Every structure is written in structure tokens, then in C-alpha cells.
Amino acid sequence: AAIEAGMRVFMEKACLVDSTGLRKLVEANALADQKGLKVGVGLQRRHDSGYVNGIQKIHDGKYGDLICLQAYWNGGGIWWRSPQEDWNEMQKQMNNWYHFVWLSGDNICEQHVHNLDVCNWAKDAHPVEANGMGGAEVRKMDNPGGTEIFDHHFVEFTYPDGTKMYSQCRHARGCFNRVSEYAFGSQGNGGMTDSGEAKDRGGVDFKFGAYDQEHYALVEAIRNDTPYNEGHYGATSSFTAVLGRMATYSGKVIKWDEAVEKGKDEAP
């Protein structure tokens, strides 16, 4: 609606929670490009100087040909707002939006999408299939009957050239925690960040931390009328997370193209 009205857009991740959302966003992105409208997305690692420099070095051959990628967001639990007596079911779900797939996409979409986005960025591609496993052991104890999302996912993603990306995300207290990305290549391995001089992906100098820089780059693109549409990778990275969720929920190998075409619409 905003793009049709000729407005610029900043949208937060996850940009979609299902296949219907992907198809809508792809259409909106194309219309934005046609109209020359600027679109920003809250995958702020794309505007972090360490990531921008690190990914550029990976693209320049720092680790050689990429063979395997790892993505982690393992941490503690999240909030739950106890339903009030006068809340109906919709109010309960809206106030606890994180816990419902149609609103958050599950934690693999709402949170872990950041790490999946970095791996897609390093590969300059998105996976073509996924298989995985997961469950809701802790959430069942903490929120009996009040949540529908998993508290752990493990997914093996496969890129078009056969490269694997192994993805972990978990919410459980008192366990091993890690939030990072890692690359294995034919000539070495290491993290995705690197210090040094870099230029923001928006073509402007780094002036702020990533959470402010992403807005600065968008505003500069508007001021200078330079092409700027982060909705394209916002769509593919968000749907990478959806693909992983479809794999963990079903226990099956899920193909990207089939998921795009036949995936479930999560809206009630």
C-alpha cells in the first residue's frame, strides 16, 4: 500500500512469515524499483562496518572458495505477557506476537534471520533446499498452552552450488550461548567480520553504529536520489528463515521453488 501510494519505506525484519508474504514483497519490490522509491530493511548487519569489510574480504577471496557456513543464535528465553481477563483471543495473540507464527514467523524468522542473512550475503545467493529438526521443550514448560513456536531449530541449508550452511537457534536458559557466523573455505576459515576501512553498502561513509547507520544510508539515498532497495535481500533472507521453519516443522526436505509456489499461508 505504501509503495502504491508513492511513499518510501523502512521495514523491519522479518519482512514476511510465509510464501504469500514473499510473493507480495517480490511484487512490491518490483513496483518500488519501477517508481524509483527507496526501501530500507532492518537487517542492520549490512550497515555494520565490521561486517561490510569482512564480507568484502570474503568476496575478494580471503578464505578461497566457500565450502561450509555456520550460523548461530543460541541464547536465553523471551518474554510472555500474561493474558488479562478482558482480553479476547486476538488481543492475547497480538500482545504476545512473538509466540504466534502468523505474527513473528517463529524465532528462526524473528531473530535468527540476521545470521542467515549474513551467510546469504557471504554466498551472494540463497539456499535452494533445507532439512532440519526442532521442538518446544522449554516453551511447553514455561507457557503451557500459550505459545505455538519452537524453542530450538537446527537446519541444514543447501545453496545452488552445493555449499552447506548449518544453522542453530535456541531459547533455553543455562545453556551454551553464541550469536555469530562462521565460514570454512578452500584456503582458510574464520568469522565474517573484519576491522579496517570500508564503505557502507549504501555508498555513504560510516558515521554511526549499525542501528543508526541503516537509517542514515536510506535518508542519504532519498536526498541524493540514488537507487536503493534493500527489499530484495530482505525478501530472500526472510524466506530463507521460513524455509528452515518449514523444514523443522515438517521433518521433510523442503525445496525453495516448491515452497514459494505451494507454501502455507499462515494468516488466520
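Which side chain meets Arg-45 in a salt bridge? It is that of Glu-181, at 3.7 Å from N to O. I should say at the outset that the structure before you is a predicted model, and that every value I quote is computed from it.

Let me stay with this pair for a moment. Arg-45 sits in the loop between strand 2 (39-41) and helix 2, while Glu-181 belongs to strand 7, so that distant parts of the chain, 136 residues apart, are linked. Arg-45 counts as buried because its relative accessibility is 13%, and Glu-181 is buried as well, with a relative accessible area of 5%.

The neighbouring arginine has a partner too. Arg-46 forms a salt bridge with Asp-117, with 2.6 Å between N and O. Since Arg-46 lies in the loop between strand 2 and helix 2 and Asp-117 in helix 6, this pair ties together parts that are 71 residues apart in sequence. Both ends are buried: Arg-46 has a relative accessible area of 5%, and Asp-117 one of 1%. Elsewhere, Lys-57, Lys-62 and Asp-194 are joined into one network by salt bridges that share partners.

Over the whole structure, the search finds 14 salt bridges. One of them joins Glu-110 and Lys-13, whose closest N and O atoms are 3.0 Å apart. Glu-110 is in helix 5 (residues 107-110) and Lys-13 in the loop between strand 1 (9-11) and helix 1 (19-35), so the pair connects parts 97 residues apart in sequence. Glu-110 counts as buried at 13% relative accessibility, and Lys-13 counts as buried at 18%. Lys-13 deserves a second remark, as a cis peptide bond joins Lys-13 to Ala-14, with omega at about -15°. Ala-14 is likewise found in the loop between strand 1 and helix 1.

I turn now to a charged residue without such a partner. Arg-170, in strand 6 (residues 164-171), is buried yet has no salt bridge. Why is Asp-151 not counted as its partner? The nearest side chain of opposite charge, Asp-151, is 7.8 Å away, whereas a salt bridge requires a side-chain nitrogen within 4 Å of a carboxyl oxygen. Asp-151 is nevertheless among the residues that Arg-170 touches, which also include Trp-73, Asn-107, His-152 and Phe-176.

Next, helix 2, which spans residues 49-59. At its N-terminal end, Asp-48 acts as a cap, with a side-chain oxygen 2.9 Å from the backbone nitrogen of Gly-50. Gly-50 is also one of the buried residues of this helix, together with Tyr-51, Val-52, Asn-53, Gly-54, Ile-55 and Ile-58. The elements covering these buried residues include strand 3 (66-75), helix 6 (113-123), strand 7 (178-185) and strand 8 (188-191). Just after the helix, Gly-61 takes a positive phi of about 105°.

Positive phi values also occur in residues other than glycine. Asp-106 has one of about 80°; this residue lies in the loop between helix 4 (101-104) and helix 5. Asp-225, with phi near 50°, is in the loop between helix 8 (210-224) and helix 9. Are these two aspartates buried or exposed? Asp-106 is buried, at a relative accessible area of 0%, whereas Asp-225 is exposed, at 56%.

As for nonpolar packing, the largest nonpolar core has 48 residues, and those with the most contacts inside it are Leu-69, Met-165, Met-192 and Phe-239. Helix 9 (residues 231-250) supplies the largest share of this core, namely seven residues. Apart from that core lies another, of six residues, including Val-204, Tyr-216, Ala-221 and Tyr-228. Returning to Phe-239, its contacts beyond four places in sequence are Leu-16, Asp-18, Ser-19, Leu-22, Trp-256, Ala-259 and Val-260.

Finally, the aromatic residues. The search of the whole structure gives eight aromatic pairs. Among them, Trp-97 and Tyr-98 are stacked, with 5.5 Å from centre to centre and 25° between the planes. Trp-97 counts as partly exposed at 31% relative accessibility, while Tyr-98 is buried, with a relative accessible area of 5%. Together with Trp-79, these two residues form one aromatic cluster.

Note on methods
Residues numbered from 1 in each chain as written. Predicted model: local features only at pLDDT ≥ 70, side-chain atom pairs only at ≥ 80, totals over all residues. Heavy atoms only, no water. Core = buried A, V, L, I, M, F, W, Y, C linked by side-chain atoms within 4.5 Å. Buried < 20%, exposed > 50% of the residue type's maximum accessible area, 1.4 Å probe, protein only. Helix = DSSP H or I, 4+ residues; strand = E, 2+ residues; numbered from the N terminus. Contact = heavy atoms within 4.5 Å. Polar contact = N/O pair within 3.5 Å; in protein donor to acceptor, adjacent residues only side chain to side chain. Lys, Arg positive; Asp, Glu negative; His and termini not counted. Phe/Tyr/Trp six-rings, centres within 6.5 Å; stacked < 30°, edge-to-face > 60°.
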